Amino acid sequence: MLGREDEAVIQADAYIDALLAAHGGLPAALPDAAAGPSEQLRRTIELLEARLPRFHPSFRFEEALAGRLRAAASMDSSAPRPPGSTIPQLPIDTRLPGLAENVMFDRRLLLGGAIASGVSLAGAAMFVRAQRRSGRARSRREWLS
Amino acid sequence: MEAARRDPHAFEALYRKYVAQVYSFALYELRNPHAAEDLTAQVFLRALAGLSEFREQGAGDESSFRVWLFQICRNSISNERRRQRRHPEAPLDTVLDHAAPDDVAERAADRQELARALAAIYALPADRRRALVLRFVHEMSAREIGQVLGKSESAVRVTIHRALRQVTEQLRQPRGPAH
């Protein structure tokens, strides 16, 4: 039998899962108010889900580090390896179209705001995310005021 | 596929996919964009050097690579924190300014809301803060967070729940001076 905290923990986790799934465009049913976490906890979860940003490094930094990694990879691949050793299978296939689309998505953000101004990508990324979420965030703001 | 197994240049695709996530986690922890960049570089260089030690335990979207990368990141942050103990903690405004460089009058409310959320997050103990950031910013499951932080899945759920209760209490406090 679950204790009260155990139940509250499970309810909160399920509510977060549902919100994140909805944010990701996946079908998700939010639990009923009676079956979900308390009203106050729900508002906190909604606030964090809506407002905490993901930061992006500057284009200059990203490209400079990419160059360092390419150089390091070249040195690594030219070094002699023990017989039988291989680089392990990578968890993604670079030829998958989905990856190229993701990269292009970042590049579109970049072209949309950061290259011309030299400003960090954070601005563009934040703007897009803020726009996407502003509707939901607006409805929650009353609680904080 | 065999070619990809032997091609370290394929690492760049992983780098492009995860660089923002690693940087973002580092910035939440260190609150300093330059320190976050240094740490991000460290993490990817270490990951590249240690790629032969990585053991895939999933497939596709269930790949364990991200967890492995965040484990390196967590360890690097711990090292950085030990090194930083002699230095004062960066102010919250550093993160806030980085988050809203396009701040204008009509976004003042957004900024204020973000400031309160960040202040509440930073009032948490480190393990609770990290669990919340991984859950909400990086959208990791409790299982993945457990692997990153070295906790069980159920312990992560409890940590997150307690963190949420603490943040709720913090948000109910009367407002302090504006950031």
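This is a walk through a predicted model, beginning with how far each part can be trusted and ending at the contact between two domains of chain B.

Let us start with confidence. For the complex, the predictor reports an ipTM of 0.80 and a pTM of 0.71. Chain B has a mean pLDDT of 82, with 77% of its residues at 70 or more. Chain A averages 62, and 42% of its residues score at least 70.

Within chain A, the elements span a wide range of scores: helix α2 (residues 39–51) has the highest mean pLDDT, 89, while helix α4 (residues 97–117) has the lowest, 29. As you trace chain A, take care over residues 84–132, where the pLDDT is below 50. The model still gives this stretch 76 contacts beyond near neighbours in sequence. Residues 134–145 of chain A are also below 50, and that stretch has 21 such contacts. Where pLDDT is low, the predicted coordinates should not be read in detail.

Chain B has its own weak spot at residues 1–6, where the pLDDT is below 50 and the model shows eleven contacts beyond near neighbours in sequence. Helix α1 (residues 2–5) of chain B has the lowest mean pLDDT among the elements of that chain, 35, and helix α8 (residues 142–149) of chain B has the highest, 95.

Now for the domains. The assignment divides chain B into domain 1, covering 1–87, and domain 2, covering 106–179. How many residues of each domain are in contact with the other? Domain 1 contributes 15 residues and domain 2 contributes 16. Together the two domains of chain B bury about 1500 Å² between them, and 54% of that area is on carbon and sulfur atoms. Three residues are worth finding on screen: B:Y28, B:R66 and B:R74 supply 38% of the area that domain 1 buries against domain 2, more than any other three residues.

Polar interactions also cross this interface. There are three salt bridges between the two domains of chain B, and seven residue pairs are in polar contact. On the domain 1 side, α2 (11–30) and α4 (65–84) of chain B each supply at least two of the touching residues. The largest share, seven residues, comes from α4(B). By class, this side of domain 1 has six nonpolar, three polar and six charged residues.

To finish, look at a single pair. A search of the whole structure finds 15 salt bridges over all chains. One salt bridge joins the side chains of B:R129 and B:E29, with N to O at 3.0 Å. The two residues are 100 apart in the chain, B:R129 lying in helix α7 (residues 126–137) of chain B and B:E29 in helix α2 of chain B.

Conventions:
Residues are numbered from 1 along each chain as its sequence is written. Chains are lettered from A and ligands numbered from 1 in the order in which they are written. This is a predicted model: local features need pLDDT of at least 70, side-chain atom pairs count only at pLDDT 80 or more; totals for chains, interfaces and linings use all residues. Side-chain values use heavy atoms; hydrogens and water are left out. Domain bounds come from an automatic or database domain assignment. Contact means heavy atoms within 4.5 Å. Buried area is the accessible area (1.4 Å probe) that two parts lose on being put together, summed over both. A salt bridge is a side-chain nitrogen of Lys or Arg within 4 Å of a carboxyl oxygen of Asp or Glu. A polar contact is a pair of N or O atoms within 3.5 Å; within protein, one must be able to donate a hydrogen and the other to accept it, and residues adjacent in sequence count only if both atoms are side-chain atoms. Helices (H or I, at least four residues) and strands (E, at least two) are DSSP runs, numbered from the N terminus. Ala, Val, Leu, Ile, Met, Phe, Trp, Tyr, Cys and Pro count as nonpolar, Asp, Glu, Lys and Arg as charged, and the others, Gly among them, as polar. pLDDT is the predictor's confidence in each residue, from 0 to 100.
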